[in-house]
Structures are given as C-alpha cells and as structure tokens.
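Student: I am new to this structure and would like a close look at a single part of it. Could you take one element, go through its surroundings step by step, and then set it beside what lies elsewhere?

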Amino acid sequence: MSSEEEFANFAAAASPRLRRMAFLLCGDWHAADDLAQTTLAKLFVSWRKIKRQDAAHAYAARTLVNTYLADKRLKRNEEILTSKLPERSIQLPAPETRIVVLGALATLPPKGRAVIVLRYWADLSVDQVADMLGCSPGNVKSQSARALGKLRAVLGDIRTESGSPETHGKEQRGAGEIRHG
Amino acid sequence: MDETSLRRLLDAALAHEPPMEPIAHRSLQAGFRLRRRRRARNATASIAAAALIAVAVPALSGALGHPLAGPHGPTDAATAYVENGSIVTPISETTNQPGTSIRTSRYPGPIAITPDGKTAYLASGTTPGWVTPITIATGAVGRSIRVGDFPDGLAVSPDGKTAYLASGTTRGWVTPISTATSTAGQPIKVGSNPRAVVFTPDGTTAYVLDQGNSGWGSVIPINVATGTPGKLIKVGHTPMVMAMTPNGQTLYVANSGSGTVTPISTGTNRAGQPINVGTGPVAIAMTPDGKMVYAVGTGTVTPISTATNTPGPPIRVGGEPQAIAITPDGKTAYVVSYQPSTVTPISTATNTAQRPIKVAAGPASIAITPDGKTAYVTCSTAHAVTPIFIPANTAGPPIKVAHRPNIIAIAP
C-alpha cells in the first residue's frame, strides 16, 4: 500500500471523530469540516513520520486542537459562524438541549472550551490534555474549573428549558459534583 | 452536572450532524498543496535593471487521478522534506549569475510584481497564509501580511495600488492588500476553492477563478472599487488558469478536467460556448496583440483564434508540456515539457513546432524578459535555471540555485 493510500484509509477512519471534536470546539459544522480538513492536511505532510510513531489518532487530536487555538488567537475579533440548522428528524435529544449546550460552550474562552472537550468528551486525562496543549496540569485544572463554573451557570437550569429525559434526572443532582482534578 | 451528564450533554450538542462532506479526499488535496509548498525552497531574483525572481515550488500532480498542481506543476517524486525556510534568489539578466539569496517565510507560492517593477509580493505559508513584500532594488524583505489559509492566487492591480490574494480550500476568500501601507483590508468571501486572480486592464474588475468543492469551477467578478463580488459564472471542471485579452474584453479559462477553454465576455460576464481542446489544458498564454490564445494540453498545444473562438489544429510538442510563455513581439511561443526536459518553440505565424531545445532536468516554469532576448526556465530536478537565448534558441549553461526552483517572475 502506498503512503497516500495508507493516509487515505486513516483519514476516512479518523475524520468522523475529528469532525465531531471540531464541531464541539467551534460550534459550526462547516467550520468543523474546514478544521478537520486542515488538520488532516497537516498530518498528511508529516505522514511518514507520524505513521512510524503509531499514534496517528492522538496526533490528529493534538493537531486539531492546536489548529483551532491558533486560529482563535489570530482571528480573535472574528464572529463565530453559525449555520442554519439542518432539517432532519431524529428522535434523540430534544433540540433545545443541543442549542443550550452549544450556547453554553460559546460562552467559554477557546482554551477553556478545548479543555472541556478534551477532558469530558474525548475522555483524556489532565496530564494528557496538558501535554496536548503544551501547558502545565495545574493550568488544565484551573481552566477546566473555570470553564465548568461557567457552563454550570448557563446549563444549571437546562432541565426547565428542555424536557429531555436523557438529561433531566442528572441535572437535578446539582452542580457541585464535577471533579476539578 | 457530573462527568457523565456533561459527556451526555456534549453528545447531545452533536445531534443533527449533517452528512459528511468528503473531508478525507479533500484533505489529501490540501495536503498535497501543503507538501508542495513544504518541498519548495528557493527562488531567484535579480537586482540589476532587468530582474527576475524565481521561487522553488516543486508541485505534484495527478494523485487520485485529480490534477492537483497549479499552473506550475511537474510530477515530482521527491520525498525528502527539508524543514528550513524558503529562499528567493535573484538572477541578473546581464551576467546570468545568481545574487545573494533572500530568506522569506516558508512554503512559497505565487509571486506578483507591481507594474513599476519596484516591489515583488510573495504569497507563502499554509495555515495561515502570508504575503511578503520584497523591494527588488535592495532585496529588502518587508513585514509579512497575514492572509487566509492556503494562499493560492495573487495579482497586483494595473495601477499598482492593490494586490488581491485568493485563499482557502473549502471556503474561499480574497484579501485586498494595500501596496502603499502593506496592510490587508477586509477579506471578501468568494467561492470555496479559489486558485487564481486576474485584473481587467482598466483595473475596475478582478476575476477570481474558483475550483469549487466538487471540482466544477466558476469565475467570480469582483468590483474593485466596492470590493463586492458579482454573480458567479460557471466554467468547466478543474479550471487551472486564466488569460485575458489586452483590451480586457474576453477572459479565457482553461478547464483541465473538461479538456475545454471557456471564453467569458467581461462586458456581459457570461460564458460563451466552451472550446474543445482535447485533454488538459493545464496552461494558457495569449499573444500580446490578443489575437491568439495557446492552450497547453497533453502532448499538444492548441491555438485558438480569439476573433472566432475556434481551435486550430493541435500542434504536437514532446512529452508532458505544462508551461508556456510568448515573446513580447508575439512571434514565438515557448512550451516547456517536463518529460523529456525540453522547451519547444512554436512559430505563431505558422503554428508549427520548431526543434526542441534541451534544458536542465525537470523544467517547470518559464518567463521571458521584457526585451524578449532571454527566456528563463526553472529546472526543478537540476536545482538550476536554464537561460534560453532568443532568437538563436540556444540554451546557456544552467544557473545553479539552491533547491528545486519552480515559479519564476521577471521584474521589468
């Protein structure tokens, strides 16, 4: 298999997850596609090196987050893009949940948002996130504490806005349960 | 809100995920462009009266059956990626010697020179892209201007006041740059995958060539005074390059995926009937009098009369032709073939090919001096620039430049 075919296989396998992670970071599916694509393009350039290290997926997540953060640093004043919501009826969570969560994420600073996504969606440890973002574990902890506080403030009354049984019960347990460590 | 419920909320945010666009395929394309620039190293520019600038961009082409390279695209199988910065090397036309190299930002792309010949603008970088001004007389490098990701088309307006840079691979932007202050203006959203920009001779309109996400291309006019894009004009598949008649009335777009050339009337901004030129075309050039357009296809060059927009019989040239330049007097077109390494002169009076001229290995691009005495051919494999003396059509000894030169531009 040529190096390009190998990369194409990897890209096909990795892109759905990368795209979702990108969406949680930027809140727009088109921008998420762009972000995932830029990430994969960067990986392709160093593909020979990356595939030898056998950690392509981890490297992809790291590249994605850092591309997102670099972009935010440079385009600080730019508006966040929002797209029209696609019309597709799926029975899963009530649309309100989705919108409220996205709105809450949008209130976070880029790094705080990245920490939340990496820790609580990608299930990475504090040390892994610190390594990925190139900062100290302590910084990751304080970032996530601050971001969680903010999320709680916005999402605290999500149960009153959405009737989703998925989140209802959990929400009532209150805000103090998240471990910051 | 514990960890599980936060995880669930984040998953809930992902609901209504739209169908995936072909990210994997497009990232390969973008990756090729990135790699092309990363492999690119140096360039060449002369500080003497007649100056030229070459930038090394060994381009790739044809992966996944998709023409990925820009107008300067030899197939290059090199695998060594050198991670150092890019270099612009000046070559003096009088001595044919390389001057002191100028270091610029990485991954050099297209070059545009102001009409007064004082400043060269070099697009480079990937995410983000940069435009770097270079003062030709002194070789001084100005502060780089940040532009959009993947810069890929650069042109300076005829009055020399504005440079337009097109960038992006999924969302296209054109960034106007003031040449007086070297600052970027408000980017204009244009198409999705723009590749080239050309100004009308009166400078009122800029045309942006967009390859689109699917490869089906379009051309978008931009009103330069207001910075507003007009209605898009559909062209063929995988358009690569454009050429405008000197009177600014017609724009020709070479659609490499369709094997056609689309004429666009700039008066009405409507596309005419596509002109069939067989396979390719990957490069296009117009005679200075605007009467003929030459489209470079696979192994052939097709002359097109601009009066009737009809193709003449294809002119056979060797191997894989991929770049073309026409002398200022319009008498000869020089066609660069990557494999074998030759340049074929075509007499425009008779549309016949003359004996091919051997040049150094891996010729990529060509530019002719304004006095029409010398053509410079960047030879990427040989890491050299071969001068061809006109009208004798003899090749001089290759001028060694540091690494893989590709793009070349001449300052008057």
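Tutor: Let us begin with strand 31 of chain B, residues 332-337, where 6 of the 6 residues are buried, so the strand is largely enclosed by the rest of the structure. Please keep in mind throughout that this is a predicted model. In a regular strand the side chains alternate between the two faces of the sheet. Here both faces are covered, since B:Thr332, B:Tyr334 and B:Val336 are buried on one side, while B:Ala333, B:Val335 and B:Ser337 are buried on the other.

Next come the strands that pair with strand 31 of chain B. Strand 30 of chain B, residues 321-326, runs antiparallel to strand 31 of chain B and is joined to it by 5 bridges; within this pairing, B:Ser337 of strand 31 has B:Pro321 standing opposite. The two strands form a hairpin with 5 residues between them, and in the turn B:Gly330 has a positive phi of about 75°. Strand 32 of chain B, residues 342-347, also pairs with strand 31 of chain B in the antiparallel sense, over 6 bridges, and the bridge partner that B:Val335 finds in strand 32 is B:Thr344. Strands 31 and 32 of chain B likewise form a hairpin, with 4 residues between them.

Beyond this strand, we can turn to the nonpolar cores. The largest one has 100 residues, of which B:Val208 and B:Ile284 touch the most other members. Strand 40 of chain B, residues 407-411, gives this core its largest share, 5 residues. Once its neighbours within four places in sequence are left aside, B:Val208 is in contact with B:Ala166, B:Val174, B:Val190, B:Gly191, B:Pro194, B:Val197, B:Val219, B:Ile220 and B:Ile222. Apart from the largest core lies another, of 59 residues, and among them are A:Leu35, A:Val115, A:Leu155 and B:Leu28.

A:Val115 leads us to chain A, as it is one of the buried residues of helix 6 of chain A, which also include A:Lys111, A:Arg113 and A:Tyr120. Helix 6 of chain A is mostly covered, with 10 of its 12 residues buried. At 1.5 Å a residue, the 12 residues of this helix, 110-121, should span 16 Å, and its end C-alpha atoms are 16 Å apart, which agrees. Following helix 6 of chain A is A:Asp123, with a positive phi near 55°.

Definitions and conventions: Residues numbered from 1 in each chain as written. Chains lettered and ligands numbered in written order. Predicted model: local features only at pLDDT ≥ 70, side-chain atom pairs only at ≥ 80, totals over all residues. Buried ≥ 20, exposed ≤ 12 C-beta atoms within 10 Å, placed from the backbone. Pairing = 2+ DSSP bridges. Core = buried A, V, L, I, M, F, W, Y, C linked by C-beta atoms within 7 Å. Contact = placed C-beta atoms within 7 Å. Expected span 1.5 Å × (residues − 1).
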